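This report describes one protein model together with its ligand. Please look at the sequence and the structure below, and then follow the text from the ligand outwards.

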Amino acid sequence: MYPASFDYQKAESVDQALAALAANPDLKIIAGGHSLLPAMKLRLAQPPALLDIWSLEELKGIRREGDTFVVGAMTTHADVLRSELPLFPEVASWVGDPMVRNRGTIGGSLAHADPSADYPAAALALGVEFVIRGPGGERTVHADDMFQGMFESAVQPGELLTHLSIPATIQASAYEKFRHPASHYAVVGVAVARHASGEIRAAYTGAAEKAHRLTRLEDAVRAGQIAATGLVDASDLLGDRFASAEYRAHLVDVLAARAIERLG
Ligand SMILES: Cc1cc2nc3c(=O)[nH]c(=O)nc-3n(C[C@H](O)[C@H](O)[C@H](O)COP(=O)(O)OP(=O)(O)OC[C@H]3O[C@@H](n4cnc5c(N)ncnc54)[C@H](O)[C@@H]3O)c2cc1C
């Protein structure tokens with residue numbers, strides 16, 4: 001399978017990338033290419049022009065600033081896996097296979113907002129803040145507002161997700177996933193994190209049109225319950241030939257119980 005023909009240009013810096021995006025509304029960012037290229041090969045996406053941000057070193061790497069980790073959007077899943085970040089290394093270990101992890105990026109995954117992707121649940125559980133630059137300057141979006149629909153994040157055309165801010169004070173976290181045996185994407189994934197305040201945040205992915213907070217689990221834990229069922233209504237979930245909505249609802253309960261147990 002071959003993609004439709006497209007123009008290609010390579011970004012030399014973040015400023016130059018933003019100028020190129022402002023000058024050409026047809027320009028589509030390509031990061032690791034591990035979601036965009038398969039979609040192009042299937043002709044599900046046919047961008048007329050690509051802006052390659054792979055070599056932007058200023059968007060790579062992880063550093064600690066006080067109580068926060070600052071993570072460049074172009075940091076690969078493999079580098080996330082080897083890092084000291086809370087929760088994300090465990091989640092990265094579940095992403096695809098070594099080839100995908102060596103090339104795919106944390107920013108690409110989160111900007112793409114695939115409903116079966118792993119990271120969105122972790123971002124919601126950790127309360128990540130996203131730094132986005134565009135024609136209007138720089139803005140920060142909280143994880144609760146980042147995932148807006150199926151393949152729809154808060155990152156708008158013409159904008160570049162540059163960094164993530166992740167709390168470095170997380171006390172405990174866990175990710176439990178039931179993965180599709182062929183694609184490795186999440187049939188359901190549940191992430192939980194205990195924050196420095198003692199607050200538990202939880203989220204699920206794979207089961208609906210986008211990742212969501214698992215508020216009934218958060219309420220149950222606050223009320224002192226260790227296990228809870230009926231955490232999501234099947235009528236709010238998606239079913240397909242791999243797993244019905246009812247089965248996904250059951251998986252959310254099972255995976256949430258395992259994740260909470262691991263928090264200790
Ligand atoms: C075989 C296979 C198995 C996989 N398994 C899993 C899995 O188990 N779990 C999982 O979560 N994912 C999985 N993936 C997806 C993988 O994690 C991708 O790397 C990721 O979803 C996209 O990151 P990328 O850097 O490749 O982005 P790209 O494919 O380059 O881009 C994806 C989208 O995000 C936009 N974008 C990218 N970076 C930015 C940015 N900095 N600012 C603004 N927009 C941006 C692009 O314009 C595009 O629309 C799999 C992929 C493959 C091919």
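The ligand in this predicted model is surrounded by 31 residues, and the closest of them are Gly32, His34, Gly96, Gly104 and Gly108. Sorted by class, the shell around the ligand is made up of 15 nonpolar, 13 polar and 3 charged residues. Four elements, namely strand 2 (27-30), helix 2 (36-41), helix 6 (106-112) and strand 10 (160-167), supply at least two residues each to the shell around the ligand. Which element gives the largest share of the shell around the ligand? That element is helix 6, with 5 residues.

**Domains and their contact**

According to the domain assignment of the protein, there is a domain 1 (7-52), a domain 2 (57-167) and a domain 3 (172-263). Between the C-alpha centres of domain 2 and domain 3 there are 20 Å, and the contact takes 23 residues from domain 2 and 24 residues from domain 3. On the side of domain 2 that touches domain 3, the elements giving two or more residues are helix 4 (88-93), helix 7 (119-126) and strand 8 (147-149). Helix 7 gives the most to this side of domain 2, with 6 residues. By class, the residues on the side of domain 2 that touches domain 3 comprise 16 nonpolar, 4 polar and 3 charged ones.

**Two loops with a positive phi**

Most residues other than glycine have a negative phi. Leu87, in the loop between helix 3 (77-81) and helix 4, has a positive phi near 60° although Leu87 is not a glycine. Ala113, which lies in the loop between helix 6 and helix 7, also has a positive value, with phi near 55°. Are these two residues buried or exposed? Leu87 counts as buried because Leu87 has 23 C-beta neighbours inside 10 Å, and Ala113 is buried because 23 other C-beta atoms lie within 10 Å.

Ala113 is also one of the residues that Ser153 touches, and when residues up to four places away in sequence are not counted, the others are Leu110, Ala111, Met146, Phe147 and Gln148. Ser153 has its place in strand 9 (residues 152-153), and Ser153 counts as buried because there are 22 C-beta neighbours inside 10 Å.

**The nonpolar core and the helices of domain 3**

In soluble globular proteins, nonpolar side chains tend to be buried together. The largest nonpolar core in this model has 79 residues, and those with the most contacts inside it are Ala122, Ala125, Val190, Ala191 and Val252. Leaving aside neighbours within four places in sequence, Val252 is in contact with Val188, Val190, Tyr204, Ala207, Leu231 and Val232.

Asp253 is found in helix 10 (residues 245-263). Not counting residues up to four places away in sequence, Asp253 touches Thr229 and Leu231. Asp253 is partly exposed because 19 other C-beta atoms lie within 10 Å, while a residue needs 20 or more to be called buried.

In helix 9 (residues 215-222), the residues Leu217, Ala220 and Val221 are buried. Why are they on the same side of helix 9? They cover an arc of only 95° around the axis, and therefore they lie on the same side of helix 9. Among what covers the buried residues of helix 9 are strand 13 (200-205) and helix 10. Just after helix 9 comes Gly224, with a positive phi of about 90°.

Arg213 is found in strand 14 (residues 212-213), and Arg213 counts as partly exposed because there are 16 C-beta neighbours inside 10 Å. When neighbours within four places in sequence are left aside, Arg213 is in contact with Leu124, Ala202 and Ala203.

**Separation along the chain and in space**

The table sets the separation of three pairs of residues in sequence beside the C-alpha to C-alpha separation in space.

| Pair | Apart along the chain | C-alpha to C-alpha |
|---|---|---|
| Ser153 and Ala143 | 10 residues | 9.9 Å |
| Asp253 and Leu238 | 15 residues | 16 Å |
| Arg213 and Gly72 | 141 residues | 24 Å |

How values were computed
Residues numbered from 1 in each chain as written. Predicted model: local features only at pLDDT ≥ 70, side-chain atom pairs only at ≥ 80, totals over all residues. Domains from an automatic or database assignment. Contact = placed C-beta atoms within 7 Å. Nonpolar A, V, L, I, M, F, W, Y, C, P; charged D, E, K, R; others polar. Buried ≥ 20, exposed ≤ 12 C-beta atoms within 10 Å, placed from the backbone. Near = placed C-beta within 6 Å. Core = buried A, V, L, I, M, F, W, Y, C linked by C-beta atoms within 7 Å. Arc of directions from axis to C-beta.
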